Amino acid sequence: MAQASKTIISSSSKEENRENQIYENVFSEIETLELPLGTSLRSVYDDQPNAHKRFMEKLEARIRNHDREIEKMCNFHHQGFVDAITELLKVRSNAGKLKVQVTDTNRRLQDAGKEVINQSEEMIRCRVQQRNIATTVEKLQLCLPVLEMYSKVREQMKAKRYYSALKTMELLENTYLPQVHQYRFCQIMTENIPRLREEVKEISMSDLKDFLESIRKHSDKIGEMAMKQSQQQRTFNSVVKKQTNTSNERKFNVANGTVPEHMNVATSGQIQDEEDEYEEEVLTAQDLVDFSPVYRCLHIYSILGDRETFENYYRKQRRKQAGLVLQPQSSMHETVEGYRKYFNQIVGFFVVEDHILHATQGLVTRAFTDELWNMALSKIIAVLRTHSSYCTDPDLVLELKNLIVVYADTLQGYGFPVNRFFDLLLEIRDQYNETLLKKWAIVFREIFESDNYSPIPVANEEEYRMIISRFPFHDLELEKQPFPKRFPVSQSVPEIYKEFKEFIYASLKFSESLHRSSTEIDDMLRKSTNLLLTRTLSGCLQSLIKKQHIGLTELVQIIINTTHLEQACKYLEDFITNITNVSPETVHTTRLYGLSTFKDARHAAEGEIYTKLNHKIDEFIQLADYEWTMTEPNGRASGYLMDLINFLRSTFQVFTHLPNNVNHHAAMSMLLDAEVKQISMGAIQQFNLDVIQCELFASSEPVPGFQGDTLQLAFIDLRQLLDLFMVWDWSTYLADYGQATSKYLRVNPSTALILLEKMKDTNKKNNIFSQFRKNDRDKQKLMETVVKQLRSLVNGMAQHT
């Protein structure tokens, strides 16, 4: 029981302590004014009956406790409070005194502060001004760059630095002006910038026009320098080639004993001159023309966003300039300088375009330059084809060819196609050959006119060697003869041979640098040489042979000359072979037509000998005063005939070729002359005596080179005709006519008929045959019968024909 009571008491005590602890916590929170108090107060009333009452009791007990604490505190400090009041009263009297002092001090301070106040106000005003100045400086610091940039724009414009001015304007407009856009001067600047840009455009366009005018004026010099540079490169290459080929050519010429005159000149000096020329400084397009205006203008228009307008304008102007450059002068063909200036302008134009193409991006495109070039190429080809046709001087044509080659090589070096120029050169080559042929025709005529047409005499070994060095003549018999001696040819032969080689060299000069193979060059040289043989030399020989002052002796020498020139053609072929290094055994190698050319010339000369000799014989025969009706012959040859034989004997001493039928034709013409109406038997007998004298002359071999009865055969037709009439062997003639074994095979029925009718008419009118008076009637009938049979034969021949 007691234990239970203790337990209950203990439990009650614990409960009370817990409740006191809760109240204590609440009071602590209230005293410390920690809000909110809702949570604490709610814990007082939770699940406890009469909790409000007990809380209020505890709260009042708490308040009474605090009141006792306050009362104790007041009792403890009361004496101190009384002491403090006492002290305060004492201070009160002192405070009055202090107030008086403070008031006095304040009055004096106020008096002294008035100056400070005035100075303070002044300081305030200064501070305001200082602040305003700082603000102004700050704003000016923002405006000064703008003004400096604008001033810089003006200076750059004045210094013509337009690209920099545009960049400055762009920086000014995009960076500086937006920072101070509120100021009026900035608005003025903003309005001026577009005008400045337009001014820059106008100025740059003016500079571009000046540039275009400048390059138009300097195109000639630019092209000259470019072509000179190309020429120097070609010269350098040719120097190397000459050093290789000169020794080979000299070896060939020395081996053949034929060194051309121009090869006798030392080439070392020429090579040195060419090397010096190659080392000469050559100016470029950049050295001659300032391209900065076009670069500047391009950049300006690019910055201004108007690049397309600039490109179109530039290309349009260059097309116009191209048209002017391609227009040649009317007298261009008269001198090489005219062609050179024309080429220089064109090369200069395209060198500038090539430079612009590579120095700028898009201003000039490859398509644009190709378009210009194709247009120019057709125009240039047409101009050169027209003007070159007017050239008659081969040296001018050769210089034109060299100019075209240098011109083509120069433009090819800049990437332009030039194949059509080399095709044009092949056309000009034909014209060049024609001018060469005309030139050499004059040379040949001068050689022929200056020739004395007599064998070349040589007095010593030096003269002999000089001749064979100019003409390939080899004759062991002549070499063995002592000096002085004579070459069989006249002076014109070595001269003509030398001119043939000079012609080949001249023709070769044109073939150089045409980018053709050795076979093609060889073919060109041989064809042009053949033209010189078959047209020029042949024509000159034919003309020479026909000249009136060329006598029989000259004609014989011409025949000898042509024979040796024909033999020299093989040396000309070897000469061409050495130059081109093309073997003569090549399938397509052209042969020289020397055989046919000189053979024709010899035939013409022989024909002219025949004509002149026949004319001379005719002149002697015209002196003949035959009495065609004589009854008896004189018993000796006619006087005119003896003179003729003496002439022929002296003439034949220089003949090596003689037409076999010269005398035969002359004598036959006398018998058949239409003016001779009547012929008696006595006249025929006298004529027979003259023919016998001619046969004796022919049998004496008056012409060297004719053997046996060669010359006598010239009279065989006449001899058979005279034998027929002398023997009066008509039965044999008529019976054997047409047979190969006929005794009178060479007697033509028409010839016999004409002569027989002349004798018949003489018999009727003059009774010539009086010695046959007993057989007169039979003789007349026989003649009529023979005449009828001869007419039948002549008519049969005519019908058969």
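## Ground rules and overall make-up

Buried here means under 20% relative accessible area, exposed means over 50%, and partly exposed is what falls in between, using a 1.4 Å probe and protein chains only. By that yardstick Arg526 is buried, with a relative accessible area of 0%. This is a predicted model, so local features need pLDDT of at least 70 and side-chain atom pairs count only at pLDDT 80 or more, while totals for chains, interfaces and linings use all residues. Residues are numbered from 1 along each chain as its sequence is written, and side-chain values use heavy atoms, with hydrogens and water left out.

On to the chain itself: of its 801 residues, 40% are buried. It has 26 helices and 2 strands, where helices (H or I, at least four residues) and strands (E, at least two) are DSSP runs numbered from the N terminus. As for contacts (heavy atoms within 4.5 Å), take those with a separation of 6 or more: 79% of them join residues 24 or more positions apart.

## Salt bridges inside helices

The structure holds 28 salt bridges, each being a side-chain nitrogen of Lys or Arg within 4 Å of a carboxyl oxygen of Asp or Glu. Asp522 and Arg526 make one of them, with the closest N and O atoms 2.7 Å apart. The two residues sit 4 apart in helix α17 (residues 518-546), which puts about one helical turn between them. Asp522 is buried too, at a relative accessible area of 2%. There's a general point behind this kind of spacing: an α-helix has 3.6 residues a turn, so residues three or four places apart point the same way.

Two other pairs use a spacing of 3. Lys167 bridges to Glu170 with 3.9 Å between the closest N and O atoms, and both belong to helix α4 (residues 162-176), about one turn apart. Here the setting is partly exposed, at 41% relative accessible area for Lys167 and 32% for Glu170. In helix α16 (residues 492-511), Glu495 and Lys498 are 3 residues apart, again about one turn, and their side chains meet in a salt bridge at 3.7 Å, N to O. Lys498 counts as buried, at 18% relative accessibility. Beyond single pairs, salt bridges also link Asp104, Arg107, Arg108 and Asp111 in a network.

## The nonpolar cores

A nonpolar core is a set of buried Ala, Val, Leu, Ile, Met, Phe, Trp, Tyr and Cys residues joined through side-chain atoms within 4.5 Å. The largest one has 121 residues, and the members touching the most others are Phe343, Tyr407, Phe421, Phe444 and Phe487. Helix α13 (residues 419-450) supplies the largest share of this core, 14 residues. Separate from it is another core of 23 residues, with Trp728, Leu753, Leu755 and Met783 among them.

What does Phe421 touch, leaving aside its neighbours within four places in sequence? Its contacts are Trp373, Leu377, Ile380, Ile381, Leu384, Ile404, Tyr407 and Ala408.

## Helix α9 and its two sides

Helix α9 (residues 307-325) runs for 19 residues and reaches 27 Å from first C-alpha to last, close to the 27 Å expected at 1.5 Å a residue; that expected span is 1.5 Å times one less than the number of residues. Its buried residues are Phe310, Glu311, Tyr314, Arg315, Arg318, Gln321, Ala322 and Val325. Looking down the axis of α9, they fall within an arc of 125°, so they line one face of the helix (the arc is that of the directions from the helix axis to the C-beta atoms). Turned away from that buried side, the opposite face carries the exposed residues Glu308 and Leu324.

## Ile558 and the cysteines

Ile558 lies in helix α18 (residues 552-580) and is buried, at 2% relative accessibility. Not counting residues up to four places away in sequence, Ile558 touches Tyr453, Leu544, Ile545 and Ile550. Its C-alpha is 8.4 Å from that of Ser490, although the two are 68 residues apart along the chain.

How many disulfides does a search of the whole structure find? It finds 0, a disulfide being a pair of cysteine sulfur atoms within 2.5 Å. For Cys143, the nearest cysteine sulfur is that of Cys186, 5.7 Å away. Cys143 is buried at 7% relative accessibility, and Cys540 is buried with a relative accessible area of 6%.
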